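Please load the model in your viewer and keep a residue selection tool at hand. The tour below moves from one selection to the next and describes what each one contains.

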Amino acid sequence: MGLTSKKSSSRNSGVERKNLITVCRFSVKTLLEKYTAEPIDDSSEEFINFAAILEHILSHRFKGPGGWFGSDGQRSFWDYIRLACSKVHNNCISSIESIENISTSRAKGRAWIRVALMEKRLSEYVATALRDTRTTRRFYDDGAIMLREEATVLTGMLIGLSAIDFSFCLKGEVLDGKTPAVIDYTPYLKFTQSYDYLSDEEDRRSVDSSASDESVAEHPYIPLVTDEETWSNKCRKMEQRFKIVYAQKGYLEELVRLRESQLKNVETENKRLDAKLEELQVQSQQEKKELEAIILELQAQLYALRSFHSLDLSVDMSLNSDSQKEDGNQNGDTAWSAAKDNTPSMLGLCGSLASLPSCKSLASLKSSEYLVNISTEPSPALSPS
C-alpha cells in the first residue's frame, strides 16, 4: 500500500507540474497577444491570472511553514527568492524589503513579481535562483517544479515577457498577502475544431475531398461539412498557426536580444578587464624599474660606505705607525740627550777654545805667562817658619 500510494503521489505531482506549466504557457501567450502600445497593469485580467499561475508554480511543493522565516510567521516563495536572488547584479531585493506598506512574506513575493516584470528581468531572477541548487533543495520538496526540468522551460517562457511594458502600483489589497491566489482556467478551456489534430497531409486530403469515404474511414468522428466550412476551418487553423509562429518569432527575437545584451555586457567587461590588466602591467613595469633604480642606488651607497671604511682603516693604521715612529724617535732622542749630558762634550771644549781671541799680541801672551809663573811660585806667607 505504501509503494502504491507513493507512486500515486508521484504521478499526481507530475500531472500538477504538467498542468501548471501548460497553463503558464497559455497565459504568457495570451499576454503577448493582448499586448498593445499601452503598458499592462493590475487592471488586466490576463496579468492577474498570470501572476496567480506564477505564484502557484513558485509555491509548488514548497516546504511547510517555519516560524523563523519572516515577521508574519509564515513561509512563502519570497523567502527563497530573497536568498537565491541576492547575487543578481543590481537586484530589487533590498528595495522590496524597505517598502513600508508591505509587511507579509506573501505580499513581498507578489511585489517582487511586479517589480521584476517592470525591470524586464523576471527570467533572469528565476534562472539565477535555479542555479543555486543548494538553496532550492532547502526550500522545496522532491517533485517540485523548481527541482525538475520544467523549471528550465519556465525560464524560457518568461523571456518573452521582456518585450512587454508593465506598470504597477505597489499598494492596495492585491499585495496584502491575505487573499490567496486563484487561477481562472476559463480562458483556456476552449473547444478545438475537429481538424486540429490532423497532420498537414491529412489536411490536404480533407481539403481535396472533405466528404470522401477514405477520410471518414480514418476519422469516423469528423462531421460532414461543405467546402465553404472546410476552407473556413482551414483559414482559422492557418490563423492560429500564424499566431503561434508569430509568438515564437517574438520569443526568439527577445531571446536573441537578451543574448546580444549579455554578449555586449561580457565584451564590455572583457574590455574593462583587458584595460585593467594593461594598466597593472604598466604599473608593474614602472615599479620594477623603480626597484631596480633603488637597488642600484643602494649598491652604490654600500660600495661607497665600504670604501670609506677601508680608507678610514688605512688612515688609522698609518697614524698608528707614525705615532709609534714618533714615540721611538722621542725615546732615542731622550737616551741620546742623557748620554750627551753624562759625557764631556768635545764640542764645548772646541767651542771654549774657539772662543779665545785669535789675535792676541805677544805682550799679552807674555803677560799671561808671567801671571802663570807668579801663580806657580810659593807664597812667602805660606812658607814654613
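Select helix H6 (122-131) together with its surroundings. In this predicted model, the buried residues of H6 pack against H2, H3, H5, H7 and H8. Of the 10 residues of H6, 8 are buried, so the helix is largely enclosed by the rest of the structure. Display the side chains of Leu122, Ser123, Tyr125, Val126, Ala127, Thr128, Ala129 and Leu130 to see the buried positions of H6.

**Helix H3**

Move next to helix H3 (residues 77-84). This helix is mostly covered, with 6 of its 8 residues buried. Highlight Phe77, Trp78, Asp79, Tyr80, Ile81 and Ala84, which are the buried residues of H3. Their packing partners are helix H2 (45-58), helix H4 (93-97), helix H5 (105-119), helix H6 and H7.

Within this set, pick Asp79, a residue of helix H3. Asp79 has a relative accessibility of 2% and counts as buried. Now add Ser105 to the selection: the two residues are 26 apart in sequence, and their C-alpha atoms are 7.1 Å apart in space.

**Aromatic pairs**

Colour the aromatic rings. How many aromatic pairs are there? The count comes to 9. Begin with Tyr80 and Phe139: their ring centres are 5.8 Å apart and their planes stand at 55°, so the pair is tilted. This pair joins distant parts of the chain, since Tyr80 belongs to helix H3 and Phe139 to helix H7 (residues 133-139), 59 residues apart. Tyr80 and Phe139 are both buried.

Extend the selection to Phe62 and Tyr140, and a cluster appears in which ring pairs link Phe62, Tyr80, Phe139 and Tyr140.

A stacked pair is found at Phe166 and Phe168, with 5.7 Å from centre to centre and 20° between the planes. Both Phe166 and Phe168 are buried. Keep Phe168 selected and add Arg114, which lies over the face of the Phe168 ring at 5.9 Å from its centre.

**Thr136 in helix H7**

Return to helix H7 and select Thr136, which lies in this helix. Is Thr136 buried or exposed? Thr136 is buried, with a relative accessible area of 2%. Leaving out residues up to four places away in sequence, Thr136 touches Tyr80, Ala129, Leu130, Met146 and Leu147. Among these contacts, Tyr80 is one of the buried residues of H3, and Ala129 and Leu130 are among the buried residues of H6.

**The nonpolar core**

Now show the largest nonpolar core, which has 56 residues. Which residues have the most contacts inside this core? They are Phe50, Tyr80, Trp112 and Leu122. The elements that contribute two or more residues to the core are helix H1 (2-34), H2, H3, H4, H5, H6 and helix H8 (150-159). The largest share, 8 residues, comes from H2.

Centre the view on Trp112. Setting aside neighbours within four places in sequence, Trp112 is in contact with Leu58, Phe77, Trp78, Ile81, Cys92, Ile93, Ile96, Leu122, Tyr125 and Val126. Of these, Phe77, Trp78 and Ile81 are buried residues of H3, while Leu122, Tyr125 and Val126 are buried residues of H6.

**Cysteines**

Select the cysteines. The number of disulfides comes to 0. Cys85 takes part in no disulfide; the nearest cysteine sulfur, that of Cys92, is 8.3 Å away, whereas a disulfide requires sulfur atoms within 2.5 Å. Cys85 counts as buried at 0% relative accessibility. Pick Cys24 as well: this residue is buried, with a relative accessible area of 0%.

**The whole chain**

Finally, clear the selection and display the entire chain. The chain has 13 helices and 0 strands. Of its 385 residues, 27% count as buried. Among contacts between residues at least 6 apart in sequence, 75% join residues at least 24 apart. Switch on the surface last: the accessible surface of the chain comes to about 26900 Å², and 57% of this area belongs to carbon and sulfur atoms.

Methods
Residues numbered from 1 in each chain as written. Predicted model: local features only at pLDDT ≥ 70, side-chain atom pairs only at ≥ 80, totals over all residues. Heavy atoms only, no water. Phe/Tyr/Trp six-rings, centres within 6.5 Å; stacked < 30°, edge-to-face > 60°. Helix = DSSP H or I, 4+ residues; strand = E, 2+ residues; numbered from the N terminus. Buried < 20%, exposed > 50% of the residue type's maximum accessible area, 1.4 Å probe, protein only. Lys NZ or Arg CZ within 6 Å of the ring centre and 35° of its normal. Contact = heavy atoms within 4.5 Å. Core = buried A, V, L, I, M, F, W, Y, C linked by side-chain atoms within 4.5 Å. Areas by Shrake-Rupley, 256 points an atom, 1.4 Å probe, with all protein chains shown as cover.
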